[in-house]
Each structure stands twice: as structure tokens, then as C-alpha cells.
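Thank you for making time this morning. I would like to walk you through one structure, taking it a site at a time, so please have the sequence and the 3D view open as I go.

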Amino acid sequence: MHNLKGIGVSPGIAMGNVLLIEKKELIIPTNLIEENDILQEIEKFEKAKKESLAQIEKLIIKTRESMGEDKVGIFESQAEIINDPMLNDSVLGKINSEKNNLLLALEKARDEFVMIFESMEDEYFRERVADVKDVFSRIINNALGINQNYFENLSKNVIVVANDLTPSDTASMDFNFVVGFATEIGGRTSHSSIMARSLEIPAVVGVGKDIYNCKHDDFIIIDGNSGEIFINPEEKIINEYKIKLDSFLAEKAILAELKELKVVTKDGKEIELCANIGGAADLKGALNNGAEGVGLFRTEFLYMNNTKFPTEDEQFQAYKEVAEGMGGKHVIIRTLDIGGDKDLPYYEFEKEMNPFLGWRALRICLDKTEIFKTQLRAVLRASAFGKIRIMYPMIISLEELRKVNEILEECKAELKSENIDFDENIETGMMVETPAAAIMADLFIRETDFFSIGTNDLTQYVLAVDRGNEKVSKLYNTFNPAVLKCIKNIIDASHNAGKWTGMCGEFAGEKRAALLLLGMGLDEFSMSAISIPVIKKAIRETSFEKAKEIAENALKLSTAEEIEKYLDEN
Ligand code: PEP
Ligand code: MG
């Protein structure tokens, strides 16, 4: 038996046989062909192309059905590459004139394409290199008759083990049998982690090379909470984990029963629990877990999983799909929050010494107003199809808030003059995730409809602790009283002005903080969908009076340690 440890990024226990995805380097024969073999090579090429296109078409349909329109772009551009006459001419030329065998011709054509795309001025084309490589490897594999659909004909539960998972991989999986992921690389925000959480299957990522201690078909257990992996475990461990799995499933079933129940304390205080989403693909999980709305739609995924800045129409479709999908429940769309640790594949950000303190989020939008206006127009247009609210990230000054509202008004005027419908009373709020906004909350609230506290950033900025730096991760603690006092100040400021405050940082889904936040008066909690039932249960089992007392006592304590201890005991 081997034990491995990675990062648990999607909770729960999964057991099953390893489905190892190994993407090996292919050996391409270099021999030349005879004149009378040409026809046969061309026929093989046509067949491999046709098969590749059919596979991609299938992925497009499957992705559209299961994940929504915003995820199909990658596959559509791959289909375009296969249909590109340049690809055809290049391969045929090598077979006809240079007497290359098909595989050699494809390899040479791939290298030429990659070189052309890499040398292009336009970022958009340079960033399509990954798609070019993916497409050629698909055609080459088909020409070699290698089955690339690892997920076809599964008949038992499997845990997918891989270096990392691409959108093509996850799009082709059959989740009746794929019960977990374990990957060599990745972190909480990598594609595999986000997918696992939205599919609610356990996942462990960032295990390192040791992950290959698992052999295909080995029996493994993964613990998505602790990040532990057991390869071919002893009977004792299997039994122990069977019990854990049963209690996890039982707890899930209890929580599922809460789905239809209101989020209300014993003494009648109603609270709103919402989901954080990255796109339409997350709606199913949000609704299944009883979300009463979307408290944070992170629109950056629409930009990150793309090959160019998304057009107004592309965005409009994505926002409309979410607004309609929530069936009249409100959706808070956050404007582009890129930069910091979030790059775009088609845009080169200048290297900065401190990217989290640099050119990110709203700062980019206010410099590149054409990008910002495209998004605002798309959000406004979608507001005619559901209950949409807009929210701005990273605000530090009233000048910024006034400027964004001015730009929004410009967009509204444009749409009016174009006779395009939108919700004229659309509410606009701001994230409070900088110390500047937290301290000046009483002034900001006069010029905005609501607050949503971004504790992920607020914690890093108040404590001067990089949220992604493992070396200082022990210092990164939202229970630090300095952060809690900011939170209290923000909520009080909004209430004094007759307005409301939500929270969309991870802290809103932290079980131990639920009563504290409730007692501080937080009006809306927005979190990963899987945390909703847990927080709902905590709120339903207490009274608002009790929670207020807990908050009051906790805020009198002077260290995070004291506060955490007090909350654990109460
Ligand atoms: C936050 O900072 O708390 C937040 C919700 O935004 P993000 O994690 O996307 O920065
Ligand atoms: Mg943030």
C-alpha cells in the first residue's frame, strides 16, 4: 500500500479503480513512400480528419448540453482549424511532392503551423498554438488508430488519474462512472478543481510525480477533504473509509432534505443563501443545493477560457443563459476581475513586482474602457431576461465608483438610442475587498445600492499576506480581529444607510463563521454551492439573538486564536 498526499479541492470520499490517462510522446516513422502509396496515404488522411471532426462535433454537442454555450468556443475553433484549407494543402503537398508518409507529413505540417501561429503579431493567433497542437495530435492519433476516448464503455467506478485535465478530457467523461479525480499538478483554481466542485465529485490535485505510483486499474481511495490518497489499501483502511463514505453520504442526504426549507433562524430572522458561479455550467449545482440566487458570477472565466476577448454577443448569450437559468432569482454579475493571479491566454500582461497590488480588475477596465463597455452593454442587454444586478470589484476610491457609474450610464444611453431593451432600474453594488473601501464604507454606501464583502482579497490586503503564498499561509486568517472589525464596520455602514450587505468571499461558506456573521447582521451569504446546505443547517439551528450575543463576545476578543476557540465552544 502507498499513501500519497495532495491538495483536497473538492470534498468527499471516492473509491474506485484507477483510469490512468497517459499522454505519451508518439514515435513518428521517417520513411518516405512510393508513388503508388500516395493515394492510400491521402485516403488515410481524409479518414483521420473525418474522425477527428466527428469527435469534436460530439464534444461540442455534449458540452453545450452539460456545460452551456460559453464552454463550446474552444472546440469550435478546433473544428475551424481542421477545416482550414491551409492545413489540407500543407499535408497533401508533403505527401504528393515530398513523398512523406502521412504521419511525417502531419508532424511537419504541425510544426510549420505552430511556427506560423507563434510568430504572429496578433495575440489571438499566438494563443491558438495550444489548439493547433491539440488538433494535430487528435488527427495523428486517429491516423494511428489510437483510441483517445478513455471514457467510452466504462462499466465500473473509476478515479481518473492524470497529469492535469483539459476541457476536452472533462467534456468527454461519463460521470455515471467517473467518481473522482487525482492529478499531478494544479491548485484550487485549476480547471480540474473547478470542474470537480461544480460536479460535486471528490478531487485531489497537486500530488506531484508520486501520483504515478498508481498503476492503471489499481484500487484507490481519495479523500477530497484531507488530500490523502491510498493505493491498494489494506482491508482495515477500506473498511474505515467505507464508514467515512457512508457518513459523508448520510450527511449529504440530511443536508439535501433541507433544500426546500427556508433559511430562517429559530426566532424568525430570514437570511439569503446564494451561490458563487463561474458560468452556466454551475447552475445545476447551485439550484440542487437550494441557492436562492447567485451572489457572485465570476465573469473572468468567460475571458480566461477563450481565445480572444469575448464579444458583446458572446457575453450577452452567457449572461442571458444564467439569468434565465436561475428562473427569476437574482444574479449578481461581477465585472471583469482579471490580473493579479488571473491571466488571459491571448493578452500579455506586463510583468509586475506585485501583481495583486498592480494593474488588475477595475483598474484595467477603467484604462481599457472599450473592453469594459462591451461587458456592461452585454450585462445590461441580458438584464431584460432576468433579475440581474451588477457589481464592481477592487474599488478603492469614490472617484472610481463615480467613473464606473458614469460609464454605465453612457452604456444605458447608447442602448436606449438603439432601442435595445434592458432593466432601467438595474441595481449596482460594489465589492468591499480593499481596506480603503472597508474604512470608508459609510461614504461608499451613499453612492451604491449594496455591498458584497470579498473576504479572500480583504483578508490579504488588511493583513498584508499574499493569499496564494504557501510560506505565509498560516498568517492568512480571516478570523484575525482586524479583518472581523472591518467586516462589522461594512455591515453597520450599510444598515445605517438602510441598505444591505452580502459576502461572496470563501469566509461566507465557513461553517465556524456562520453564527458570527449572522450575529454581525450579514444579510446575504454567497458561497460554493456545496457549502449552502451546511450553512443553512447552522442558521436554522440557532436564534438571531444567540448569534448576536456570540458576535458581540467574539468581537471583544483580541486574537484570532481566542476567537476561533470561543466559536468552537459556542
Ligand atoms: C474575494 O476576493 O473575496 C472574491 C470573492 O473575489 P475573488 O476570489 O474572485 O478575488
Ligand atoms: Mg477578490
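**Cysteines, a metal site and a few local features**

Let me begin with the cysteines: when the whole structure is searched, 0 disulfides are found. Taking Cys-486 to begin with, it is in no disulfide, and the nearest cysteine sulfur, which belongs to Cys-504, is 16 Å away. Cys-486 is a buried residue, its relative accessible area being 15%. Cys-504 is likewise in no disulfide, with the nearest cysteine sulfur, that of Cys-274, lying 10 Å away. Cys-504 also counts as buried, here at 1% relative accessibility. For anyone who would like the reminder, a disulfide is a covalent bond that joins the sulfur atoms of two cysteines. I should also say at this point that what you are looking at is a predicted model, so please hear every value that follows as a computed one.

Let me turn to the metal. Which protein residues act as donors to the magnesium ion, ligand 2? They are Glu-433, through OE, and Asp-457, through OD, and they lie 2.0 to 2.2 Å from the ion. Glu-433 sits in the loop between β13 (427–432) and α16 (435–439), while Asp-457 belongs to helix α18 (residues 455–463), and the pair therefore ties together parts of the protein that are 24 residues apart in sequence. Are these two donors buried or exposed? Glu-433 counts as buried, at 2% relative accessibility, and Asp-457 is buried as well, with a relative accessible area of 2%.

Next, the cavities. The search of the whole structure turns up 2 cavities of 30 Å³ or more, and I will describe the second largest, whose volume is about 50 Å³. If you would like to find it on your screen, its lining is made up of Phe-309, Leu-336, Ile-338, Leu-344, Tyr-347, Phe-349, Trp-359, Ile-364, Lys-368 and Ile-371. How do the residues of that lining divide by character? There are 9 nonpolar residues, no polar ones and 1 charged.

I would now like to look at some individual positions, beginning with Thr-183, which is found in strand β5 (residues 178–183). Thr-183 counts as buried, at 0% relative accessibility. Leaving aside residues up to four places away in sequence, Thr-183 touches Ala-162, Asn-163, Asp-164, Leu-165, Ser-192, Val-204, Val-205, Gly-206 and Val-207. Glu-152 offers a useful reference point for this residue, since the C-alpha atoms of Glu-152 and Thr-183 are separated by 20 Å, with their positions 31 residues apart along the chain. Glu-152 itself has its place in the loop between α6 (129–144) and β4 (158–162), and at 38% relative accessibility Glu-152 counts as partly exposed.

Two further positions can be taken together. Glu-447 is found in the loop between α17 (441–444) and β14 (450–453), and it is partly exposed, with a relative accessible area of 29%. From C-alpha to C-alpha, Glu-447 and Gly-429 are 9.0 Å apart in space and 18 residues apart in sequence. Not counting residues up to four places away in sequence, Glu-447 touches Leu-398, Leu-401, Arg-402 and Asn-405.

Leu-287, for its part, lies in helix α10 (residues 283–288), and is partly exposed, with a relative accessible area of 29%. The residues that Leu-287 touches, again not counting those up to four places away in sequence, are Lys-259, Gly-325, Met-326 and Lys-329. For one of these, Gly-325, there is also a distance to give: the C-alpha atoms of Leu-287 and Gly-325 are separated by 9.3 Å, although the two residues are 38 residues apart along the chain.

I will finish with the backbone. Where does phi take a positive value in a residue other than glycine? One such residue is Lys-99, with phi near 55 degrees, and another is Asn-232, with phi near 40 degrees. Lys-99 is found in the loop between α3 (85–96) and α4 (102–118), where it is partly exposed, with a relative accessible area of 21%. Asn-232 lies in the loop between β8 (228–231) and α9 (235–257), and at 39% relative accessibility Asn-232 counts as partly exposed.

Definitions and conventions
Residues numbered from 1 in each chain as written. Chains lettered and ligands numbered in written order. Predicted model: local features only at pLDDT ≥ 70, side-chain atom pairs only at ≥ 80, totals over all residues. Heavy atoms only, no water. Donors = N, O, S within 2.8 Å, 3.2 Å for Na, K, Ca; no water. Helix = DSSP H or I, 4+ residues; strand = E, 2+ residues; numbered from the N terminus. Buried < 20%, exposed > 50% of the residue type's maximum accessible area, 1.4 Å probe, protein only. 1 Å grid on protein atoms, 1.4 Å probe; cavity = no way out; pocket = protein on both sides within 12 Å on 5 of 7 lines; lining within 4 Å. Points joined across faces, edges and corners; volume = space filled by probe spheres on them. Nonpolar A, V, L, I, M, F, W, Y, C, P; charged D, E, K, R; others polar. Disulfide = S-S within 2.5 Å. Contact = heavy atoms within 4.5 Å.
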